[in-house]
There are 2 protein chains.
Amino acid sequence: MSDALVAALTDLAALLGPRLSTAPAVLAQHAQSESLIRAGAPQAVAFPETTAEVSRIAQICHRHRLPMTGWGAGTSLEGHALPLRGGVTIDFSRMDALLSVDVDDMRARLQPGLTREALNTQLRATGLFFPVDPGANASLGGMAMTRASGTTAVRYGTMRDNVLALEVVLADGQIIRTGSAAPKSSAGYDLTALMVGSEGTLGLVTELTLRLHGQPEAVSAAACAFPDLASAVECVIATIQTGIPMARIEFLDEATVAACNAHSGLALPLAPLLLVEFHGSPRGVKEDAARFGSIAAEFGSQGFDWASQQEDRTRLWKMRHAAYPAILATRPGAKAIVTDVCVPISRLAEAVTETRADIDDSPLPGPILGHVGDGNFHAILLVDPNDPSEVAVAKRLANRMAERALRLGGTISGEHGIGIGKLALMPQEHGQAWAVMAAIKRALDPHNLLNPGKLVPGR
Amino acid sequence: MSDALVAALTDLAALLGPRLSTAPAVLAQHAQSESLIRAGAPQAVAFPETTAEVSRIAQICHRHRLPMTGWGAGTSLEGHALPLRGGVTIDFSRMDALLSVDVDDMRARLQPGLTREALNTQLRATGLFFPVDPGANASLGGMAMTRASGTTAVRYGTMRDNVLALEVVLADGQIIRTGSAAPKSSAGYDLTALMVGSEGTLGLVTELTLRLHGQPEAVSAAACAFPDLASAVECVIATIQTGIPMARIEFLDEATVAACNAHSGLALPLAPLLLVEFHGSPRGVKEDAARFGSIAAEFGSQGFDWASQQEDRTRLWKMRHAAYPAILATRPGAKAIVTDVCVPISRLAEAVTETRADIDDSPLPGPILGHVGDGNFHAILLVDPNDPSEVAVAKRLANRMAERALRLGGTISGEHGIGIGKLALMPQEHGQAWAVMAAIKRALDPHNLLNPGKLVPGR
């Protein structure tokens, strides 16, 4: 351990007492994630309880030039929160308070460690909810940093649209506030939007103000099966273009449906499936569903399996959210490489069919599913983690998916972010604009202390 | 004229021929705007026709360290496009092509000099439209740079929400692309959002990709009068909180209504007025209007003046858009200082009533109107431009409005931007975050050549 590191850890221990840990188990826990990706471990983990403490931690790290990596709930899929160069991981799990709910302005102020499920539980009595739903019970700070979205983005937008304001601790410990409580502003650079999706490389978020939405008066949901993959995806395209206000429109290919049936004890028809949900007035929901139904019929849908009761809907979405473990369970001992691309709606059928064919030509199982209403889909490639050749095949498939998305005018990541897994693809997507990102990073974090090695060209 | 300037102008003339002008009339035309604000004039005005030319212009200016200021339609209200330090004004009026319309993905790619009215005229046959409507027939590049919004933002969002991708020429002439054609992305810093609202201080926008929306199946609109200002504003708050999907909800105080009646030959009741519009299915529009009607009745509304026919609606919104000249006409020879603040919806009544009282206590006429559905309103303060004491009174009123907005958790600018007029208020709104904006500006434009002196702390 270098002298600088010892000095820094001494200062941090003086500040945090037992809330600074160097226990091997704690370090190891912060060196792994959902994904197969592994990097180094942090040298210490800090558990701050206040913004002032985060600021003091950053001051100490800044003085001793020690890397800082934020940690939310550890659910990221690209290794965002795994430190590449050691240093201190700042675990926000003790900063999980819902600070205030402003029902009149439909807003909540909260700490970054609060998870989305905990937020919605606490909001239940207000008639409001926070819609962004990436599946995992992620922390809201982590969701902001990844620019997460999920099943409801087609209706309610992503974190880009639902983060109104932030409190951020900068690399040197300075505390800034971005945004305001007004619904809009044209007063200067949109620092809130710059921070959202910055993966902890520009600052440590210590408070978020989120937009809330009214719980819909009526909700109805349905599963509907299609004769083939192309018909299901073409139906999505037609639906979105008709402007029916879908609250969710999720695609599951046949392999995903089979896995879900086995895992959740369901008996969905073994065919490409769309799960749809409508939010609105009782009459509006009926109208929307009828319009969707006639489009689905045109594409050969075998009819609806309606879920108008709350319990049926809960079962349906629980099944959808359990798709990931369900797919993992189809190959015992396997790990998943989860891909994530997003293309223009008009190119979705092309993107999904080509991807399906590419995976079918490989030796790996790789069910496809996605938030197709905004052109976003995933393949879950199952590999034996101890077989380097399988891992290599999966990585090649994933890279071809990303390159295909770029060729079709899309992006290498719809919602999972870049982390460690996709860094090498950044220049292909952004060209010269990647250097602009690097210039911004240098301007805000000249000593490269905030999650160094991520998101921008290596330094 | 310095040697460097002569050399730069020689290079620019060689590039552009007669499309570089130093004619006094052309320089003078680019030294004035809608507002009372005046600064210096440019030393030359360039009229590029291609991105490559804009890039070459920037290279020349960069080499000779000559300031560059973009110019759209000259409709900005805070002097954004008036050069503070001379140099070259880059007038985008010849770059006004609609490059492509992608009906399937509901997107248009266009050059920055195209105006919003010209875009919508060209879109008419497609069934799509671009909703952002600041009133003036501004250029879309200018609207992006100001982060403009207007009457329909409550339903369709602002330029922040409707600019999907940009092509930008940087200070040194490099050309970058931000965003993609996918509906969403989590691949790196959101440079599109950073550029939108940057008022030409980070780059020159040479191409925009905008989100289009389906023309609504049915539209209905109405004017409805209220017994007093507070009732009208309280009605807005209740309406927004109920979640009725208003397409527009505009407030006009009694003085504004009087001016509009006189100017547009109407006979609207002399009372605080809300103009509302609903977009949707024929049945949905009826339901929404009925729900709004019962809320309005609770706040003492004198009933609706319905405009279900296209011609009646056109007259109504023409009147609203003519409110500015109508108000100007009430005091011949006067000029207007137009203010622009935005507050949380819950504080709107407080903000509008206090502002009304403050103006009533002053010697100046100052009708109030605004896009109250998102907490945004304006006072149009009429002054004798040759009477410095009146101008000083108006500026004090405007500053108090901005400070009141900040006290209520709002912003100093909802949609007009900062320009020259509001620069002094920036530290009050942003505190330490203003220095972060300055750091970003230095990183992207180290020689301070792009619209220097604007938006960030002076250098």
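This is a short tour of helices, sheets and single residues in chains A and B.

Before you start, note that this is a predicted model, in which local features need pLDDT of at least 70, side-chain atom pairs count only at pLDDT 80 or more, and totals for chains, interfaces and linings use all residues. Residues are numbered from 1 along each chain as its sequence is written, chains are lettered from A and ligands numbered from 1 in the order in which they are written, and side-chain values use heavy atoms, with hydrogens and water left out.

**Stop 1: a helix in chain A**

Select residues 388–407 of chain A, which form helix α15. Helices (H or I, at least four residues) and strands (E, at least two) are DSSP runs, numbered from the N terminus. The 20 residues of α15(A) should span 28 Å at 1.5 Å a residue, and the end C-alpha atoms are indeed 28 Å apart; the expected span is 1.5 Å times one less than the number of residues.

Now colour the buried residues of α15(A), among them Val391(A), Ala394(A), Leu397(A), Ala398(A) and Met401(A). Buried means under 20% relative accessible area, exposed over 50%, and partly exposed in between (1.4 Å probe, protein chains only). An α-helix has 3.6 residues a turn, so residues three or four places apart point the same way. Show β16 (335–338), β17 (341–342), α14 (348–360) and β19 (376–383) of chain A too, as the buried residues of α15(A) pack against them. Just after the helix comes Gly409(A), with a positive phi near 90 degrees.

**Stop 2: two packed helices**

Next, pick α9 (residues 229–242) and α11 (residues 282–298) of chain A: these helices pack at an angle of about 145 degrees, with their axes 9 Å apart. Axes are lines fitted to C-alpha atoms, for helices over the stretch in contact, and angles run from 0 to 180 degrees between N-to-C directions. Which residues make the contact? Cys235(A), Ala238(A), Thr239(A) and Thr242(A) come from α9(A), while Arg291(A), Phe292(A), Ile295(A) and Ala296(A) come from α11(A). Contact here means heavy atoms within 4.5 Å.

**Stop 3: a sheet in chain A**

Show the open sheet of 5 strands, β5-β6-β10-β8-β9 in chain A, where the pairing is antiparallel. Two strands pair if DSSP finds at least two bridges between them. At the edges are β5 (98–102) and β9 (175–178) of chain A, each pairing on one side only. On average, neighbouring strands of this sheet are turned by 15 degrees against each other, direction ignored. Zoom in on β8 (residues 163–169) of chain A, joined to β9(A) by 4 bridges; Glu167(A) has Arg177(A) as its bridge partner in β9(A). Then add helix α3 (residues 51–64) of chain A, which lies across β8, β9 and β10 (204–211) and runs at about 50 degrees to β8(A).

**Stop 4: two residues in chain B**

Jump to Ala39(B), in the loop between α2 (24–29) and β2 of chain B. Is Ala39(B) buried or partly exposed? Its relative accessibility is 28%, so Ala39(B) counts as partly exposed. Leaving aside residues up to four places away in sequence, Ala39(B) touches Leu82(B), Pro83(B), Leu84(B) and Ile420(B).

Finish at Glu390(B), in helix α15 of chain B. With a relative accessible area of 16%, Glu390(B) is buried. Beyond residues up to four places away in sequence, Glu390(B) touches Arg331(B), Leu364(B), Leu382(B), Val383(B) and Asp384(B).
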